[in-house]
Amino acid sequence: MASTVPFFFFLVIFIFCAFCNASTQFKFPALLAFGDSTVDTGNNNFIKTLVKSNHYPYGREFPDQVSTGRFSDGRLVPDLLDSALGIKEFLPAFLDPRLPDSELLTGVSFASAGSGYDDLTAAESEVIPVSKQPKYFKEYIKRLKTVVGEQESMKIVGEALVLISAGTNDFILNFYDLPTRKLQFNTTGYQDFLQQKLQALVKELYDLGCRKFLIGSLPPIGCIPLQITSRFSTDPIARRCVDDQNWDSRVYNSKLEKLSQELQSSLQGSKVVMADIYEPLMDLVSNPRKYGFVETKRGCCGTGFLEMGPLCNALTQPCENASQYLFWDAVHPGEVASAYITHYILKYILPKLL
């Protein structure tokens with residue numbers, strides 16, 4: 001069953017208010033997204049991987065209840081940003097063979113769910129590592145030039161909002177749950193390794209014409225239901241956020257803030273801003289009833305302890321009211337949580353790009 005009326009009412013009011021304010025304050029011709037499932041609007045549908053969400057019950061709150069390949073019950077942050085900024089309603093996936101040329105002018109997503117800055121993260125699941133996503137961006141530019149010409153293409157790229165969001169999978173898959181990289185790095189070393197990869201990505205995109213970057217921080221990884229399960233099992237009394245993993249996220253984010261400032265200083269004419277998603281998510285976790293949530297330690301899909309991707313399916317029935325759950329599956333926030341995060345970005349983060 002779909003969520004109750006307040007869920008839709010909140011989202012309609014959010015989008016309307018955000019659109020009225022943000023679309024006049026910020027002027028971006030396009031949004032370009034790179035990263036993992038937080039910004040993948042369906043690219044994994046078109047590659048050979050098991051990391052997919054183009055099946056029920058994903059998309060239950062999406063228009064017409066379509067399972068689009070988004071790891072959510074509805075829209076993701078880039079969709080909500082797109083709408084609030086007055087660019088378009090949904091951010092399409094670049095790999096969709098049905099993508100019309102007209103969509104190129106206002107941006108696409110190059111992201112791949114399950115990926116990370118570390119190429120090792122994407123290797124096992126056969127998704128597109130973040131380091132390889134600029135390859136598709138180059139194809140995008142080439143195709144865009146055939147539509148509007150070189151001068152207009154580079155103007156669009158230079159004025160576009162570039163959203164980069166990754167890193168969580170790197171820690172979960174390579175450091176915490178499957179500690180492959182712990183044989184090579186300590187926590188500090190791995191944080192620095194990932195940010196070196198991020199730095200290289202930003203510089204590559206800058207060389208291709210991008211100038212305005214919004215880089216997502218790490219969330220409170222220790223509050224992700226899957227991570228709570230890995231540490232505290234499924235005992236509802238014992239379940240709580242994993243403090244040491246949250247501390248790692250905070251340290252990483254502190255380094256990322258500094259790196260963003262350094263990149264902006266070194267890349268002439270650029271704006272590079274960290275989008276802190278740790279604080280708004282932690283606020284939702286710490287004060288759930290303030291935001292209408294009743295469950296923050298497990299997802300809406302199935303038991304909510306482990307289900308995600310192929311494990312969240314027609315056999316693992318979701319909860320009745322997803323708007324009361326902070327997380328849709330065992331890893332990903334639901335659309336309501338994404339709306340709150342988007343509101344936070346619009347109010348506190350995007351003004352730094354002006």
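This passage describes the disulfide bonds of the structure and the burial of its cysteines. The structure is a predicted model, and a search of the whole of it identifies three disulfides. When bonded cysteines are counted along the protein chain, the connectivity follows the pattern 1-2, 3-6, 4-5.

Cys223 is paired with Cys241, with a distance of 2.1 Å between the sulfur atoms. The torsion about this S-S bond is about 115°, so the disulfide of Cys223 and Cys241 is right-handed. Distant parts of the chain are linked by this pair: Cys223 is located in the loop between β3 (212–216) and α9 (225–232), whereas Cys241 is located in the loop between α9 and α10 (243–266), 18 residues apart. The relative accessibility of Cys223 is 1% and that of Cys241 is 16%; because buried means under 20% relative accessible area, Cys223 counts as buried, and Cys241 likewise counts as buried.

The other two disulfides are found in the loop between α11 and α12. Cys300 is joined to Cys319 with an S to S distance of 2.0 Å, and the link is left-handed, with -105° about the S-S bond. Cys300 and Cys319 lie 19 residues apart, in the loop between α11 (278–286) and α12 (335–349). Both Cys300 and Cys319 are buried.

Cys301 is bonded to Cys312, with an S to S distance of 2.1 Å; the torsion of 115° about the S-S bond corresponds to a right-handed link. The pair ties together parts of the loop between α11 and α12 that are eleven residues apart in sequence. Cys301 and Cys312 are both buried.

Cys210 is also buried, its relative accessible area being 0%.

Conventions: Residues are numbered from 1 along each chain as its sequence is written. This is a predicted model: local features need pLDDT of at least 70, side-chain atom pairs count only at pLDDT 80 or more; totals for chains, interfaces and linings use all residues. Side-chain values use heavy atoms; hydrogens and water are left out. A disulfide is a pair of cysteine sulfur atoms within 2.5 Å. Helices (H or I, at least four residues) and strands (E, at least two) are DSSP runs, numbered from the N terminus. Buried means under 20% relative accessible area, exposed over 50%, partly exposed in between (1.4 Å probe, protein chains only).
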